[in-house]
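User: I would like to go through the charge pairs, the sheet and the surface of this model. Please keep the answers short.

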Amino acid sequence: MSEELNKATENLSLDAQAPATEAPATETSTDNAQSTVLDSKKEFNVKHPLNSKWTLWYTKPANNPKESWSDLLKPVITFSSVEEFWGIFNSIPQAGELPLKADYHLFRENIKPEWEDPENSKGGKWNFQFKNKDININELWLRTLLSVIGETIEDDDNEVNGAVLNVRKVAIRISLWTKSSDRAKLFPIGMKFRKVLKLSDADSLEFLSHKDADNRSAKPLLTV
Amino acid sequence: MAKYEIEQLIQLRETAYVPTSVDFAEFTKSILEERERQAQQEEESGFTGGRRRSSIGIRPKFKTNRPKRAPAPQPDADGWVTLDNHRKSASGEEAANEKQKFKDSLKSDTTQVKVRPNNKNLGSSKPVDSRDIIADQQKSTFNAFAALGDESDEESEEDDE
């Protein structure tokens, strides 16, 4: 058992950081003794920090018509490290377990998952609807989250504001919300998002501006 | 700027650390309860998916104008069934008697109905007088001589000018 622990903690030490592109694990304590999350679940000082803090939001289905959008949308938790992300992800229901009309939102801290938020108002969303319920939505949603918090989905800093999962009767929708509607910035993000969602050549990914969100007949700004 | 590939992040899954600031058990419980509630509601409503499926729930009833079927012929005392159409003959002495009987019934006083015109809703309750009709005729008629006279006047005026 101790051997297994040692093997598992090798990757977490400062000396054994594998690839050069990977972020170095940081010490959150000035103490020289390195303790990983496997040594102690509460007192460990080696973590993999994320570039941004992220907040998980949840929209519960409306049971009462008097409930407004703001009543239904609640922040769950904010995190800033890979370890925390996995701890949260393992503790909450999977995408496929959510009830109908429920949403998960993962957004940068201090950005609300609303069109009206100043960070979102000029942007839009890459959007894909999975109408076939046989897909592995848990895997696709996880890949989306990892690409967002790992920030490999974007070239520019902080162009992606967050990701949204909508569970509906007709389809399950995964969206990527962006800060701007700049085609030059959006195109590479869309191409990477296609790979994350494992879309086939026949599937098309559409970008809709938030300004056109109210207009159902609006055409997508960009399609890849 | 640190970037993590998806595969790198997946390798770090074992290092998960659950923050204690949120009661995830309570959060999970509320979501699963909501899911169960929706499933129960769906069962109660009898709707199991699909859109307006005719095989589930109330079917529409379409009116059809089918002719009514005649009752099946019953066997008589001897066990015979007659399929002939029994219609009364329109000729013969018996038929003539019946026709006369019907005509007599119409002539009888008890069956005669007096028809009175109901003129209370008309413009005038008085019966229409034939002299009034004459009075309503067009009074002005075309007078050819008068018309010729007008033309001559116009010509004379032009001559004067």
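User: Which residues are linked with A:Arg108 in a network of salt bridges?
Analyst: The model is predicted. In it, the side chains of A:Arg108 and A:Glu154 meet in a salt bridge, at 2.9 Å from N to O. A:Glu154 sits in the loop between helix H4 and strand E7 of chain A, and A:Arg108 in strand E5, 46 residues apart. The network joins A:Arg108 with A:Glu154 and A:Glu151.

User: Are A:Glu154 and A:Arg108 buried or exposed?
Analyst: The cut-off for buried is under 20% relative accessible area. Among the residues that meet it are both members of this salt-bridged pair. A:Glu154 and A:Arg108 are therefore classed as buried.

User: Which residue forms a salt bridge with A:Asp155?
Analyst: A:Asp155 lies in the loop between H4 and E7 of chain A, and its partner lies in helix H5, so the pair ties together parts 37 residues apart in sequence. The closest N and O atoms are 2.7 Å apart. The partner is partly exposed, with a relative accessible area of 29%. It is A:Lys192.

User: How many residues apart are A:Glu139 and A:Lys198?
Analyst: The side chains of A:Glu139 and A:Lys198 meet in a salt bridge of 2.6 Å, N to O. A:Glu139 counts as partly exposed because its relative accessibility is 29%. A:Glu139 is in helix H4 of chain A and A:Lys198 in the loop between helix H5 and E9, a separation of 59 residues.

User: How many salt bridges are found over all chains?
Analyst: The pairs discussed above include A:Glu139 with A:Lys198 and A:Asp155 with A:Lys192. A search of the whole structure gives a total over all chains of seven.

User: Which strands stand at the edges of the open sheet in chain A?
Analyst: Eight strands of chain A make up this sheet, in the order E4-E3-E5-E7-E8-E6-E9-E10, with antiparallel pairing. An edge strand has a single partner strand, so one of its sides is left without a neighbour in the sheet. The strands in that position are E4 and E10.

User: Which residue of E8(A) stands opposite A:Leu165?
Analyst: E7(A) and strand E8 of chain A run antiparallel and are joined by seven bridges. Across from A:Leu165, the residue in E8(A) is A:Ile174.

User: What is the bridge partner of A:Trp126 in E9(A)?
Analyst: Strand E6 of chain A runs antiparallel to E9(A), and four bridges join them. On its other pairing, E9(A) is joined to strand E10 by two bridges, also antiparallel. The residue opposite A:Leu222 of E10(A) is likewise the partner of A:Trp126, namely A:Phe207.

User: Which side chains of strand E9 point to the buried face?
Analyst: In a regular strand the side chains alternate between the two faces of the sheet. Along E9 of chain A, A:Glu206 and A:Leu208 point to one face and are not buried. The buried side chains, on the other face, are A:Phe207 and A:Ser209.

User: Why is helix H3 of chain A largely enclosed by the rest of the structure?
Analyst: The buried residues of H3(A) include A:Phe85, A:Trp86 and A:Phe89, and also A:Glu83 and A:Glu84. The helix is largely enclosed because the number of its 10 residues that are buried is eight.

User: Which residues form the negative surface patch in chain B?
Analyst: One member, B:Glu33, has its place in helix H2 of chain B. B:Glu33 counts as partly exposed because its relative accessibility is 44%. The patch is formed by B:Glu33 together with B:Asp23, B:Glu26 and B:Glu36.

Technical notes:
Residues numbered from 1 in each chain as written. Chains lettered and ligands numbered in written order. Predicted model: local features only at pLDDT ≥ 70, side-chain atom pairs only at ≥ 80, totals over all residues. Heavy atoms only, no water. Patch = residues over 30% accessible without salt bridge, like charges linked within 9 Å, V, L, I, M, F, W, Y side chains within 5 Å. Areas by Shrake-Rupley, 256 points an atom, 1.4 Å probe, with all protein chains shown as cover. Salt bridge = Lys/Arg side-chain N within 4 Å of Asp/Glu carboxyl O. Lys, Arg positive; Asp, Glu negative; His and termini not counted. Charge placed at Lys NZ, Arg CZ, Asp CG, Glu CD. Buried < 20%, exposed > 50% of the residue type's maximum accessible area, 1.4 Å probe, protein only. Pairing = 2+ DSSP bridges.
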